[in-house]
Amino acid sequence: MNEGVVYKETQSFRQWYIWIILIGINGLWVFGIYRQVIQGIPFGNNPVSNNGLILIAFLTVAFSLFFGNIKLTTIVKEDGIYVQFFPLQLSLKKYAFSELAHIYMREYSGLKEYGGWGYRFGINGGMAYTASGSDGLQLVTIDGKKLLIGTQNPDELKEVLLRLNQY
C-alpha cells in the first residue's frame with residue numbers, strides 16, 4: 001500500500017466543541033441510567049423504561065465511538081490521488097491524474113458550500129471529503145465532475161503536486 005506514496009495526510013474530527021457536546025449528551029444518559037436504574041428515581045417528567053434508557057445510552061455512546069473513528073485519508077502517488085473516508089468507505093478511491101482536467105488548491109466554506117463537513121454533496125453540485133478547516137484540493141475530472149478534498153497542509157500538498165507536474 002505504501003509503495004510509491006509521495007504524500008499522505010490523515011485527518012479526524014477533533015473539534016473540541018463537538019466533543020464537548022457528545023460528552024455532555026453521553027454523560028446525561030449515563031446519569032439517567034444511574035438515577036433511574038440504580039437509584040430507582042425516575043429520570044425526567046415522563047420517564048422511559050429502564051430498557052429504553054439503556055438502549056438510548058448505548059446508541060449515543062456507539063454514535064460517539066463511530067464518530068471518533070472517522071478518518072479522512074489522502075494519499076498522492078505518481079499515478080494519482082487516493083482518498084478514503086473511513087468507515088463510510090472501506091477502501092481507497094483512486095483519481096488517476098490521466099482522468100483529471102484540473103487540480104488546484106482553494107479556500108472553501110464547509111457550511112455555505114456543503115452544509116457542513118464530512119462526506120458531503122455540494123449545494124451547487126460536486127462532492128467533498130472534509131474533516132475541518134477551509135483549505136481544500138479541488139479536483140475536476142475530464143467529464144466535469146468535481147471533488148473537493150479538505151487538507152490541513154495546503155502548501156505541502158501543492159508542492160508535492162508541483163513536483164509531480166500535476167498542478
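# A tour from the end of helix α4

Start just after α4, where Asn 165 takes a positive phi of about 60°. This is a predicted model. Asn 165 is a residue other than glycine, and its phi is a positive value. Most residues other than glycine have a negative phi. Colour Asn 165 by accessibility next: its relative accessible area is 67%, so the residue counts as exposed.

**Stop 1: helix α4**

Step back into the helix and select residues 154-163. Which residues of α4 are buried? They are Pro 154, Leu 157, Val 160 and Leu 161. These four cover an arc of only 130° around the axis, so they sit on the same side of α4. Now turn to the face directed away from that buried side. Asp 155 and Arg 163 are there, and they are exposed.

What covers the buried residues of α4? Show the strands β1 (5-12), β2 (71-77), β3 (80-86), β5 (100-107) and β8 (135-141), which are among the elements that do.

**Stop 2: strand β7 and its partners**

Select residues 127-130, strand β7. Both of its faces are covered. Met 127 and Tyr 129 lie on one side, Ala 128 and Thr 130 on the other, and all are buried.

Add residues 118-121, strand β6. The two strands pair in the antiparallel sense, over four bridges. They form a hairpin, with five residues between them. Pick Gly 125 in the turn: its phi is positive, about 95°.

Now add residues 146-150, strand β9. Three bridges join this strand to β7, and the two run parallel.

Tyr 129 is a good residue to centre on here. What are its bridge partners in β6 and β9? Tyr 119 is bridged to Tyr 129. In β9, the partner of Tyr 129 is Ile 149.

Stay in β7 and move to Thr 130. Its relative accessible area is 1%, so Thr 130 counts as buried. Show what surrounds it, leaving out residues up to four places away in sequence. Thr 130 touches Phe 13, Leu 72, Phe 85, Tyr 108, Gly 116, Trp 117, Gly 118, Leu 148 and Gly 150.

**Stop 3: Leu 139**

Go to strand β8 and select Leu 139. Is Leu 139 buried or exposed? At 1% relative accessibility, Leu 139 counts as buried. Draw a C-alpha to C-alpha distance from Leu 139 to Ile 81: it reads 9.5 Å, for residues 58 apart in sequence. Leu 139 and Ile 81 are in contact. Leaving aside neighbours within four places in sequence, the other contacts of Leu 139 are Tyr 95, Leu 100, His 102, Ile 103, Lys 145, Lys 146, Leu 147 and Ile 149.

**Stop 4: the salt bridges**

How many salt bridges are there? The count comes to two.

For one of them, select Asp 79 and Lys 94, whose side chains meet at 2.9 Å, N to O. This pair links distant parts of the chain, 15 residues apart. Asp 79 is in the loop between β2 and β3, and Lys 94 is in strand β4 (residues 93-96). Asp 79 has 33% relative accessibility, so it counts as partly exposed. Lys 94 is also partly exposed, at 39%.

Then select Arg 106 and Glu 113. They form a salt bridge, with the closest N and O atoms 2.8 Å apart. Glu 113 counts as partly exposed, at 26% relative accessibility.

**Stop 5: a cis peptide bond**

Find Pro 87 in the loop between β3 and β4. Look at the peptide bond that joins Phe 86 to Pro 87. The bond is cis, with omega about 5°. Most peptide bonds are trans.

**Stop 6: a nonpolar surface patch**

Switch to a surface view. Which residues make the nonpolar patch? Select Phe 31, Tyr 34, Val 37, Ile 38 and Ile 54. The patch is about 460 Å². Helix α1 (residues 16-38) gives the most to this patch, with four residues. Tyr 34 is in that helix. With a relative accessible area of 40%, Tyr 34 is partly exposed.

How values were computed:
Residues numbered from 1 in each chain as written. Predicted model: local features only at pLDDT ≥ 70, side-chain atom pairs only at ≥ 80, totals over all residues. Heavy atoms only, no water. Buried < 20%, exposed > 50% of the residue type's maximum accessible area, 1.4 Å probe, protein only. Pairing = 2+ DSSP bridges. Arc of directions from axis to C-beta. Contact = heavy atoms within 4.5 Å. Salt bridge = Lys/Arg side-chain N within 4 Å of Asp/Glu carboxyl O. Patch = residues over 30% accessible without salt bridge, like charges linked within 9 Å, V, L, I, M, F, W, Y side chains within 5 Å. Areas by Shrake-Rupley, 256 points an atom, 1.4 Å probe, with all protein chains shown as cover.
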